[in-house]
Amino acid sequence: MVPARNDGTDHAATSEAHMTSFGFQTGEICFAEGWQDYGLLDSGDGMKLERFGPYSFIRPEPQALWPRRCDDSLWDAAAGRFAATSDDPEKGGRWQLAKHLPERWEMGFETIRFYASPTPFRHLAFFPEQSAHWQFCADKIKAFIAKHGRKPRILNLFAYTGAASLHAAAAGAEVTHIDASKKAIAAAFENRDLSGLGDAPIRFMTDDVSKFVAREVRRGNLYDGVILDPPKYGRGPKGEIWRLEETLPELLQQCRQILSPEAAFLVLTIYAIRTSTLAVHSAVAEALSAMPGHLTSGELAIREEQDNPRAIGQALFVRWQNEETNTD
Ligand SMILES: C[S@@+](CC[C@H](N)C(=O)[O-])C[C@H]1O[C@@H](n2cnc3c(N)ncnc32)[C@H](O)[C@@H]1O
């Protein structure tokens, strides 16, 4: 899971005739910045202590290969602790929660609002490190509107409780939000209303991602941006099986086919599989090889709210952006 270092060279791309023109601009670290309601308070000894609104939680963090710095009293004040039964994040465990903790509570990021609540999958119903992608997409959406004078059509796949959809809609996009889980779609509806985006052009659909995208290819429907946050393993609404290692290559090829000529971006995040940034970068480079623009890849990360913070990578990502709407 260690990302390749970016040494500023592009030898691999130029020495192999069959390589794509994207090269290997990898090793970028995107920190979750701009949060009021979330923070990494401390970490160490294989655990992390995070603030989600008014409550703090302790979760296993095998990458915290250093000692804790904060007082035990801060850790002892946590409202919840996830006790893992396995080192594998895909496998279970359970929360020990304080009696005073509500079932869910409101959180906000920039203009959007959503509910947090502890889930059996050790997260709290959204992924704070994804905020770096939300901001990236918002920049691209605003640049697209300025350039083309219309709302970009954004497709959010494996869209879960919808923070990326809501943030994109708040930035001015028309969003199609796809998830297999009716429960996740219902939560996304609630978050939309909580964010005051009831009238925003967001189409929520309970569907299998692969079937939906294949249908859009057949129909010739195009999108100006695609966001993908696939799990390692999942099921569509009719039990369709999603296995990242097997299904991602075809899905990426199909996503390429539904990118419009003016398309501004594609963002892929990978959690919980044993791979490298370089491999995920290469997979997207292969699928988008005929596109203009460039790719960057690296890690989404969080860092402590203290002096000399320690930082923890949470996921690998690849971003394709059309040079013309590059706002970096
Ligand atoms: C929680 S998000 C992914 C978050 C993060 N990437 C992770 O691995 O934990 C996964 C979402 O994908 C959805 N999902 C899984 N398989 C799917 C499929 N075949 N079609 C559509 N959505 C699917 C789930 O319902 C879930 O909301």
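A residue counts as near a molecule or strand if its C-beta atom, placed from the backbone, lies within 6 Å of it. With that cut-off, 18 residues surround the ligand, and Phe158, Ala180, Ser181, Gly234 and Trp242 come nearest. Strand E10 (174–179) and strand E13 (233–235) are the elements that give two or more residues to this shell. Here helices (H or I, at least four residues) and strands (E, at least two) are DSSP runs, numbered from the N terminus. The shell divides into 10 nonpolar, three polar and five charged residues. In that division Ala, Val, Leu, Ile, Met, Phe, Trp, Tyr, Cys and Pro count as nonpolar, Asp, Glu, Lys and Arg as charged, and the others, Gly among them, as polar.

A word on conventions before going on. This is a predicted model, in which local features need pLDDT of at least 70 and side-chain atom pairs count only at pLDDT 80 or more, while totals for chains, interfaces and linings use all residues. Residues are numbered from 1 along each chain as its sequence is written.

## The chain as a whole

The protein chain has eight helices and 17 strands. Its radius of gyration is 20 Å, close to the 20 Å that the globule rule gives for 328 residues, so the chain is as compact as a globular protein of that length. The radius is taken over C-alpha atoms, and the rule is 2.2 Å times the number of residues to the power 0.38. Along its principal axes the C-alpha trace spans about 55 × 50 × 40 Å.

Of the 328 residues, 41% count as buried. A residue is buried if 20 or more other C-beta atoms lie within 10 Å of its own, exposed if 12 or fewer, and partly exposed in between, with C-beta atoms placed from the backbone. Two residues are in contact if their C-beta atoms, placed from the backbone, lie within 7 Å. Among contacts with a separation of 6 or more, 63% join residues 24 or more positions apart.

Confidence is given by pLDDT, the predictor's own value for each residue, from 0 to 100. The chain has a mean pLDDT of 91, and 91% of its residues reach 70 or more. Over residues 1–19 pLDDT stays under 50, and there the model has 26 contacts beyond four places in sequence.

## Two domains and their contact

The chain is divided into domain 1 (11–34 + 127–325) and domain 2 (38–116), with bounds that come from an automatic or database domain assignment. Their C-alpha centres lie 26 Å apart. Domain 1 gives 23 residues to the contact and domain 2 gives 22. On the domain 1 side, the elements with two or more residues in the contact are helix H4 (163–170), helix H5 (182–194), strand E16 (294–303) and strand E17 (311–321). The residues of that side divide into nine nonpolar, eight polar and six charged.

Asp193 has its place in helix H5. This residue counts as exposed, with 11 C-beta neighbours inside 10 Å. Asp193 and Phe114 are 79 residues apart in sequence, with 9.0 Å between their C-alpha atoms.

## Helix H8 and its cover

Helix H8 covers residues 277–287, and its buried residues are Thr277, Val280, His281, Ser282, Val284, Ala285 and Ala287. What covers them includes strand E1 (26–31), helix H7 (244–257), strand E15 (265–270), E16 and E17.

## A few single residues

Most residues other than glycine have a negative phi. Arg122 and Tyr160 each have a positive one, as the table shows.

| Residue | Phi | Place |
|---|---|---|
| Arg122 | near 70 degrees | loop between strand E8 (112–116) and helix H3 (131–148) |
| Tyr160 | about 55 degrees | loop between strand E9 (153–157) and H4 |

Arg122 is partly exposed, with 19 other C-beta atoms within 10 Å. Tyr160 counts as buried, with 22 C-beta neighbours inside 10 Å.

Glu174 lies in strand E10, and this residue is partly exposed, with 19 other C-beta atoms within 10 Å. Leaving aside residues up to four places away in sequence, Glu174 touches Lys151, Arg153, Ile154 and Pro201. Leu157 is 17 residues from Glu174 in sequence and 14 Å away in space, C-alpha to C-alpha.

Ala264 lies in the loop between H7 and E15. It is buried, with 29 other C-beta atoms within 10 Å. Ala264 and Ala186, 78 residues apart along the chain, have C-alpha atoms separated by 29 Å.
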